[in-house]
Amino acid sequence: MEESIYNLLPSTTAGDRKSAKGPRYVSKFAKTARKEAKDVKQNKPLATEKPNPHQFLKKQAGIEREQSKASQMQKKTATQRAKEHSATGRSKSRVPKASEKPVMGITSKKNYIKENAVKAATAQSATLAKTKRKEESEMEFTKRSSFGKTPEYLKQRKEEDSQRQAEYEEYVRTIQMQGQPYQVPESERQELLRGLKTNWDRLYHDYQGLSVVADTIPKKQQKTRMEAQLAQLEEDIKKIERHRTIYVQ
């Protein structure tokens with residue numbers, strides 16, 4: 001016998017597996033469902049109970065049905081009351097019979113005149129107090145304690161506006177200090193003037209080295225560009241020499 005993992009497992013038969021699972025569930029409506037599905041496929045009418053021609057809707061049938069429902073509800077309510085009475089052990093007093101006479105001669109020592117007078121006085125005092133409170137609430141504005149005084153919320157709002165205005169003025173002042181014009185010192189002006197003249201000399205030296213005859217388009221463009229640069233440098237030199245005080249924004 002060869003070694004195999006299947007030899008280590010217990011051998012079971014098909015019958016053992018079937019008994020372990022139990023019988024398969026089969027619906028009791030399976031046959032009926034199969035028959036109805038087959039009839040639908042074959043366009044056959046379903047096997048339903050035919051209506052009775054004598055059981056049609058007759059006159060007053062709806063009223064009788066409602067009356068029967070009402071009587072059933074009354075029976076149900078009476079049964080429910082009986083259950084509640086049996087559960088609580090209490091019931092309402094019975095209705096007196098027609099032959100029974102009420103008890104006569106019952107008197108009370110209560111003084112209704114005095115009680116009514118007390119109620120009237122109490123109601124009058126309450127009405128007066130209510131009227132007084134209403135008059136106080138409707139008092140003229142000039143007679144109130146807060147008349148002519150600035151409300152607290154307006155004071156607070158005014159303080160907030162003042163603080164906001166002060167912060168804005170401080171911000172504007174800071175911006176103005178940062179953006180105020182800068183006066184160029186004399187040494188820096190002389191250095192700038194020397195630099196412009198040096199650039200003009202170098203550019204004029206290159207200009208002198210151009211061809212005398214500008215017979216091509218690139219030569220014409222180069223000559224025109226250098227002449228414009230020389231003119232701009234000469235204009236800048238004249239401005240700096242003419243103005244001793246220079247401010248830079």
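Buried residues (under 20% relative accessible area, with a 1.4 Å probe and protein chains only) make up 5% of the 249 residues in this predicted protein model. Its accessible surface, computed by the Shrake-Rupley method with a 1.4 Å probe, comes to about 24,500 Å², with 55% belonging to carbon and sulfur atoms. Local features need pLDDT of at least 70 and side-chain atom pairs pLDDT 80 or more, while totals for chains, interfaces and linings use all residues. Residues are numbered from 1 along each chain as its sequence is written, and side-chain values use heavy atoms, without hydrogens or water.

**Secondary structure**
- The protein has 7 helices and 2 strands, taken as DSSP runs (H or I, at least four residues; E, at least two) numbered from the N terminus.
- From the N terminus, the order of elements is α-α-α-α-α-β-α-α-β.
- Helix α2 (residues 30-41) has 12 residues and should span 16 Å at 1.5 Å a residue (1.5 Å times one less than the number of residues), which agrees with the 17 Å between its end C-alpha atoms.
- Asn-43, which follows α2, has a positive phi near 60 degrees.

**Nonpolar core and contacts**
- The largest nonpolar core (buried Ala, Val, Leu, Ile, Met, Phe, Trp, Tyr and Cys residues joined through side-chain atoms within 4.5 Å) holds 8 residues, including Leu-193, Leu-203 and Met-226.
- Two or more of the core residues come from each of α6 (186-208) and α7 (217-242), and α7 gives the most, with 5.
- Beyond its neighbours within four places in sequence, Leu-196 is in contact (heavy atoms within 4.5 Å) with Leu-233, Asp-236, Ile-237 and Ile-240.

Notes:
Buried means under 20% relative accessible area, exposed over 50%, partly exposed in between (1.4 Å probe, protein chains only).
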